[in-house]
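Thanks for coming, everyone. I would like to walk you through one pair of metal sites this morning, so please have the sequence and the model open.

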Amino acid sequence: MSTKSEKKINGIKKNHLWVPFVTFLIVTAILTVIVVFSVRAMFEYVARTKIEAQCKEVYHLSQVAKASGDTEKIFKEAEAEYVIKDQAGNILKSTVEDTSAGDPVLISFDKDRKAQVYADSKYDFISFSGNDDFSVDYMGILKLVSMEKEENKELFVTDKTGFFEDEIDEDDEEEASGEIDFSKMILPFWIKADTGEGNIYLIKAYYELTVNDISIIAVIFAVFILVVILVFIIMLVNLVNSIVKRKNTLKLFFTDIATKGHNWIWFQINCEKILASRKNALKDYAIVNLILMNYNNYCICNSVSAGEQLLERINKKIQSLIGKNELCAHSNTANFALLLEYEYVNELEKRLGRIMTTLSLMDESHNLRFQAGADFIDAAIDKKSRIARKETDINVIYSNACAARESLDTAKENAFAFFDDRLIEDQKWINSVTEHQKGAVEKEEFVVYYQPKYDPVTSELKGAEALIRWQSPEFGFVPPGKFIPIFEKNGFITEIDHYMLSHVARDQKKWLDEGLKCVPVSVNVSRAHFIEKDLAEQIRDMVDEAGAPRELIEIELTESAFFDDQKQIIETIEKLKNYGFSVSMDDFGSGYSSLNSLKDMPLDVLKLDAEFFRGEKGERGEIVVSEAIKLAKRLDMRIVAEGVEEKEQVDFLASQNCDMIQGYYFAKPMPVADYEVRLKEGVARRDQIVHGEL
Ligand code: C2E
Ligand code: CA
Ligand code: CA
């Protein structure tokens, strides 16, 4: 798989799921901290206000005492619990046990007024925090409010350490009635009263937690908890959303738009998975490229969406024909990639044949044709030792399978081919041709050879066909069969058609200027070119520009092209004829049944394919040729027999009124100079029938 798509997939797989996860954890942690600190702050606020209120009271009491001069009386009247100490700290008098403990804490209240507060030895929840400030041990308070319910339904107030009161003080134990007794929720502390008397007065005060205090704190706490739950839910929904989204994105990433099945990326990933976990040593794997032929035609005739629906059905059908450890995905246009298990190559061959036959029978209303190419994974250990290669890159193996399939003759139905080393060489050749094609046109490395066409009766020169040759400094003399099919596939053929046409037109003009008696020369125009809407105009302009008469140019279109867009072809042929060119159907009878197109196409010339004159055809062959000639004549067409090599064939064709013969019997394709000699001679004599250079 390409590193680009690999990165993409990994990106989606990760999809930063940890982000919502971590955010979720952080937010939860922050909220928890906020809740804890807020509750603590709330408790502190409540405790502080209450302690300050008590201090204020004691302060006022001491002010009154100062004024009256009888401190004890004032405290008694106020029903305070107090301890009087001398400066040395000895207790002079006390109304309550002295449990004050630790260092005093300075508390400010009412701006400048301050009081010294002591903790109680049993509940020392007051302490210093900072210079002038104090804090309350809210944990002590929390424990104070945490009522523990025993099974016998007794309620206890716990002390600051969390122990039950009964462990400290039996009297504090309370019979439970199911309700919390708030009277028990008090914490004692001590306030030093400044009476100006010299003795030290310690007043016992109480911090008391009321129902109101607890309610307020509980409400705040509940609100916070609600917020936390809300955030928790939002985050959870977000998280679930992210997971679902990730799943959907992955699904989308692996889904093919046309077939709604799997795509090429999915195929590569799963191929690698299967190959990595391969257990069955008896079985090997092959990657197959399977193509639906003439898919474009199907789309043109039935619409693109109908084409895609067909691909979808084909995909489903293939899925039903493959096993658990095998794969199928749509790779591009009408191509499917398959991973198939096999033990013996001949079995695989048969299976591919069966798959293609089943697929072609899927739709009775259309002639569905398939072709396949395959390459083997771990080819080196292939049972038949067909190939001594070891390749495990899925991409390379699949392109090998494609190359094998492309090596097939497109006319062959349900054919398949396996990749071999020869195809590697072919691929290298294709690459170098493609690399050199443009430069070769610029440097005029392509040359025009002419093959004369003669009258079989009079041996008179009646015409010629222009055939391309490549005189390459790198590759030497290259015949068209080695590069034309490559140009047809890569689209460069249209350049070549232009090149040939303009060269032929120029040659004709030159010969006319030299006073030679010119004959029409036919030029091959590829089917790829023929679907261009303005092709007729292009040809007209090119020929006119060269200054050659239009009637001296004939356009040859191969028979198989007549199955393309017929309307377009007829239009172009008609235009060409109106402009004064003649048009011929090349390779008639080479495999396609084109009789039907003959009826609609206003053609001038029919070229009988060379196949008619290969091998022993006997009487039946002669009947076919004779009838084809009659048919052409009745349709008002001239007829050219191609590939004629024997005198007997020439004699037979002469007897059947065949108009022209293009074959080695009279002449091979030849360079311009040799053709000029033939032009000058006009008639081929038997002793002049010298084969031209190939
Ligand atoms: P084609 O158009 O059918 O051309 C006729 C082919 O048959 C030529 O092969 C010619 O040399 C060969 N031939 C003619 N008479 C005989 C014979 O008596 N015996 C044998 N054995 N062969 C004979 P060539 O020149 O190798 O061209 C092969 C094909 O390449 C052509 O088939 C045509 O399809 C393509 N081609 C050649 N030149 C061009 C061109 O300029 N443009 C395009 N688009 N295709 C071209
Ligand atoms: Ca031809
Ligand atoms: Ca031909």
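**Two calcium ions and a shared aspartate**

In this predicted model, the calcium ion (ligand 3) is coordinated at 2.2 to 2.8 Å by D586 (OD), D587 (OD), E642 (OE) and E642 (OE), where donors are N, O and S atoms within 2.8 Å of the metal (3.2 Å for Na, K and Ca), and where sites may look incomplete because water is not among the atoms. Along the chain, these donors follow the spacing D-D-x54-E. Since D587 lies in strand β21 (residues 582-588) and E642 in strand β23 (residues 638-642), the pair ties together parts that are 55 residues apart in sequence, strands being DSSP runs of E with at least two residues, numbered from the N terminus. E642 counts as buried, at 11% relative accessibility; buried means under 20% relative accessible area, exposed over 50% and partly exposed in between, with a 1.4 Å probe and protein chains only.

Turning to the other ion, the calcium ion (ligand 2) is coordinated by E465 (OE), N524 (OD1), E556 (OE) and D586 (OD), at 2.1 to 2.3 Å, and its donors follow the spacing E-x58-N-x31-E-x29-D. N524 is partly exposed at 28% relative accessibility, while E556 is buried at 1%.

What bridges the two ions? D586 does, with the ions lying 4.0 Å apart.

On conventions, residues are numbered from 1 along each chain as written, and chains are lettered from A and ligands numbered from 1 in written order. Local features need pLDDT of at least 70 and side-chain atom pairs 80 or more, whereas totals for chains, interfaces and linings use all residues, and side-chain values use heavy atoms, leaving out hydrogens and water.

Terms used
Helices (H or I, at least four residues) and strands (E, at least two) are DSSP runs, numbered from the N terminus.
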